[in-house]
Amino acid sequence: MSDDLLKGSCLCGGVEFDLSPPFVFFHHCHCSRCQKSSGSAYGANILVKAAQFQWTRGEELVGHWELPEAQYYCTGWCTVCGSKLPWQSRNKKGFLVPVGTLDDDPGRLPEKNIYWASRAPWYANPADLPTFDEGR
């Protein structure tokens, strides 16, 4: 792991991890699977090589489920608080990291939207919506 480690964790703090750039990719995925697992319009995900990722606390609290018919889909979560968490690819070569689990700024922006044709019919570009510094 390099000196520019990024730290991540779940909501309750029971699970923590480190990862180091560079990323293989940083995408917003609009597929129906990411919509279901995120409960949102898309999944914001980073992929890193397995050697760039390390659980540092609570790995035994990580739940894992693979969709049998999907070559590249899985989901991970904290079994205590339910937060989404990174998961390792079936071929063990990489980890998909939900960007919202990072405690640190990833230092770059997403590169693209993928599975755009599958986007939620209610999706609205966030830049087109009114903004507030606090809830309204």
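Let's start with a pair of strands: β9 (residues 87–88) and β10 run antiparallel and are joined by two bridges. Keep in mind that the structure above is a predicted model. Within this pair, Q88 has F95 of β10 as its bridge partner. The two strands make a hairpin, with five residues between β9 and β10.

**Strand β10 and its surroundings**

On its other pairing, β10 meets strand β4 (residues 43–49), again in the antiparallel sense, over five bridges. Here F95 of β10 stands opposite V48. As a reminder, strands of a sheet pair through backbone hydrogen bonds, either parallel or antiparallel.

Is strand β10 enclosed or open to the outside? Five of the five residues of β10 (residues 94–98) are buried, so the strand is largely enclosed by the rest of the structure. You can also follow where these residues point: G94, L96 and P98 go one way, while F95 and V97 go the other way, and all are buried. That fits a handy rule: in a regular strand the side chains alternate between the two faces of the sheet.

**An open sheet of three strands**

Now look at another part of the model, where three strands form an open sheet in the order β1-β2-β5, with antiparallel pairing. Its edge strands are β1 (6–9) and β5 (53–57), each of which pairs on one side only. On average, neighbouring strands of this sheet are turned by 25° against each other, direction ignored. Between β1 and strand β2 (residues 16–19) there are four bridges, and these strands run antiparallel. If you want to find a matching pair by eye, look for S9, which stands opposite E16 in β2.

**The nonpolar core**

Which residues of the largest nonpolar core touch the most other members? Of its 17 residues, these are F17, L19, I46, F53, V97 and L102. Strands β2, β4, β5 and β10 each supply at least two residues of this core. Leaving aside residues up to four places away in sequence, L102 touches L6, K7, G8, F17, L19, I46 and V97. More broadly, in soluble globular proteins, nonpolar side chains tend to be buried together.

**Unusual backbone spots**

Most residues other than glycine have a negative phi, and most peptide bonds are trans. The table lists two residues with a positive phi.

| Residue | Phi | Location | Relative accessibility |
|---|---|---|---|
| K92 | about 65° | loop between β9 and β10 | 51% |
| Y115 | about 55° | segment after β11 (112–114) | 53% |

Neither K92 nor Y115 is a glycine. K92 belongs to the turn of the hairpin described at the start. With the cut-off for exposed set at over 50%, K92 counts as exposed because its relative accessibility is 51%. Y115 is exposed too, with a relative accessible area of 53%.

A further spot to find is the cis peptide bond that joins P21 and P22, with an omega of about 10°. P22 lies in the loop between β2 and β3 (25–29).

**A pocket to explore**

Finally, take a look at the second largest pocket, which has a volume of about 210 Å³. It is lined by 17 residues, and S38, G43, A44, K84 and P98 lie nearest its centre. Which elements each supply at least two residues of this lining? They are α1 (32–38), β4 and β10. Among the residues nearest the centre is P98, one of the buried residues of β10.

Terms used
Residues are numbered from 1 along each chain as its sequence is written. This is a predicted model: local features need pLDDT of at least 70, side-chain atom pairs count only at pLDDT 80 or more; totals for chains, interfaces and linings use all residues. Side-chain values use heavy atoms; hydrogens and water are left out. Two strands pair if DSSP finds at least two bridges between them. Axes are lines fitted to C-alpha atoms, for helices over the stretch in contact, and angles run from 0 to 180 degrees between N-to-C directions. Buried means under 20% relative accessible area, exposed over 50%, partly exposed in between (1.4 Å probe, protein chains only). A nonpolar core is a set of buried Ala, Val, Leu, Ile, Met, Phe, Trp, Tyr and Cys residues joined through side-chain atoms within 4.5 Å. Contact means heavy atoms within 4.5 Å. On a 1 Å grid over the protein atoms alone, a cavity is a set of points where a 1.4 Å probe fits but cannot get out, and a pocket is an open set with protein on both sides within 12 Å along at least five of seven lines; lining residues have an atom within 4 Å of a point. Grid points are joined across faces, edges and corners, and a volume is the space filled by probe spheres set on the points.
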